[in-house]
Amino acid sequence: LGALLSLFSVGGALWAPGGLSASYRVVAVDERGAESPVEIPPAPYNELALSPDGSRLALVGGPGGTSDLWVADLGRGSITRLTSGEFVRMPTWTPDGSRIAYAVVAQGVAEERTRIDWRPADGSRRAETLVEEGFGRYPTAFTPDGRTLIYDAAEDARISTSDLWAL
């Protein structure tokens, strides 16, 4: 990957140019292509997802090259760490922006075994497991009413395709 991108639903995007080992400086890009800096500390972020209302940004990565989940409040310029010591992938917001679902990659196994957790976006409660550990389980989206999670899952590690599931 050469850069990270998350789109606004009303036009524009958040953009983090750089490479996998770079410390990203996140910028907002409007529909005309004009860039403006986002006031969060540069760090090696691997993935990002914009909240439905555009006020917060879920980030995977962070200082020290970790793969933890962070939430940046774009209005305040503050950032809060939601996980510690986990290898997180694919942050996915609920439609109301109250929670984030994400994959947690199992450490020390040859196959890519993941589970799907979620937690309040404000970090007020512990994570809960939504989908137990299995091969390649990643959150994709929530239905518009927020009641159903759509996620990818593979039957086993030798199969390169996955199916969509609903929870």
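Tutor: In this predicted model, a residue is called buried if its relative accessible area is under 20%, exposed if that area is over 50%, and partly exposed in between.

Student: Why is R99 called buried?

Tutor: R99 has a relative accessible area of 12%. The limit for the term is under 20%, so R99 is buried.

Student: R99 is paired with E128 in a salt bridge. What makes this pair a salt bridge?

Tutor: The side chains of E128 and R99 meet at 3.5 Å, N to O. The term requires a side-chain nitrogen of Lys or Arg within 4 Å of a carboxyl oxygen of Asp or Glu, and the pair therefore qualifies. E128 belongs to strand β12 (residues 128-135) and R99 to strand β10 (residues 99-105), so the bridge ties together parts 29 residues apart in sequence.

Student: Why is E128 called partly exposed?

Tutor: The relative accessible area of E128 is 40%. That value falls between the limits of 20% and 50%, so the class is partly exposed.

Student: How many salt bridges does the rule give, and which of them involve R115?

Tutor: The count comes to 7 salt bridges. Among them, R115 meets E86 at 3.2 Å, N to O. R115 also forms a salt bridge with D117, whose closest N and O atoms are 3.1 Å apart. Each of these distances is within 4 Å, so each pair satisfies the rule.

Student: What makes E86, R115 and D117 one network?

Tutor: Their salt bridges share partners, and this joins the three residues. R115 is the shared partner, being bridged to E86 and to D117.

Student: Where in the chain do R115 and E86 lie?

Tutor: R115 is in strand β11, whereas E86 is in the loop between β8 (78-81) and β9. The two residues are 29 residues apart, and the pair links distant parts of the chain.

Student: Are the three members of the network buried or partly exposed?

Tutor: D117 has 3% relative accessibility, which is under 20%, so D117 is buried. R115, at 22%, and E86, at 24%, lie between 20% and 50% and are therefore partly exposed.

Student: R119 is buried. What shows that R119 has no salt bridge?

Tutor: The nearest side chain of opposite charge to R119 is that of E86, at 5.9 Å. A salt bridge needs a distance within 4 Å, so R119 and E86 do not form one.

Student: Where is R119, and which backbone oxygen lies 2.5 Å from a polar atom of its side chain?

Tutor: R119 is in strand β11 (residues 113-120). The backbone oxygen in question is that of L82. Leaving aside residues up to four places away in sequence, R119 touches several others, including L82, T83, S98, R99 and Y102.

Student: Why is R76 called exposed?

Tutor: R76 has 72% relative accessibility. The class begins over 50%, so R76 is exposed. R76 is placed in the loop between β7 (68-73) and β8. Between R76 and R56 there are 9.6 Å, C-alpha to C-alpha, and the two are 20 residues apart in sequence.

Student: What makes β9 and β10 a pair of strands?

Tutor: DSSP must find at least two bridges between two strands. β9 and β10 have 4, in the antiparallel sense, so they pair. Within this pairing, V88 stands opposite V104 in β10.

Student: Why are β9 and β12 called edge strands?

Tutor: They belong to an open sheet of 4 strands with antiparallel pairing and the order β9-β10-β11-β12. β9 and β12 each pair on one side only. On average, neighbouring strands of this sheet are turned by 20° against each other, direction ignored.

Student: What is notable about M90 in strand β9?

Tutor: M90, found in strand β9 (residues 88-93), has a positive phi of about 55° although it is not a glycine. Its relative accessibility is 32%, between 20% and 50%, so M90 is partly exposed.

Student: Which strands form the open sheet that includes β5?

Tutor: The order is β5-β6-β7-β8, with antiparallel pairing. Its edge strands are β5 (47-50) and β8. β5 and strand β6 (residues 56-61) share 4 bridges, and at least two are needed, so they count as paired. In β6, V60 is the bridge partner of E47.

Student: How many helices and strands does the protein chain contain?

Tutor: The chain has 0 helices and 15 strands. Of its 167 residues, 41% are buried.

Terms used
Residues numbered from 1 in each chain as written. Predicted model: local features only at pLDDT ≥ 70, side-chain atom pairs only at ≥ 80, totals over all residues. Heavy atoms only, no water. Buried < 20%, exposed > 50% of the residue type's maximum accessible area, 1.4 Å probe, protein only. Lys, Arg positive; Asp, Glu negative; His and termini not counted. Polar contact = N/O pair within 3.5 Å; in protein donor to acceptor, adjacent residues only side chain to side chain. Contact = heavy atoms within 4.5 Å. Axes fitted to C-alpha atoms, helices over the stretch in contact; angles between N-to-C directions.
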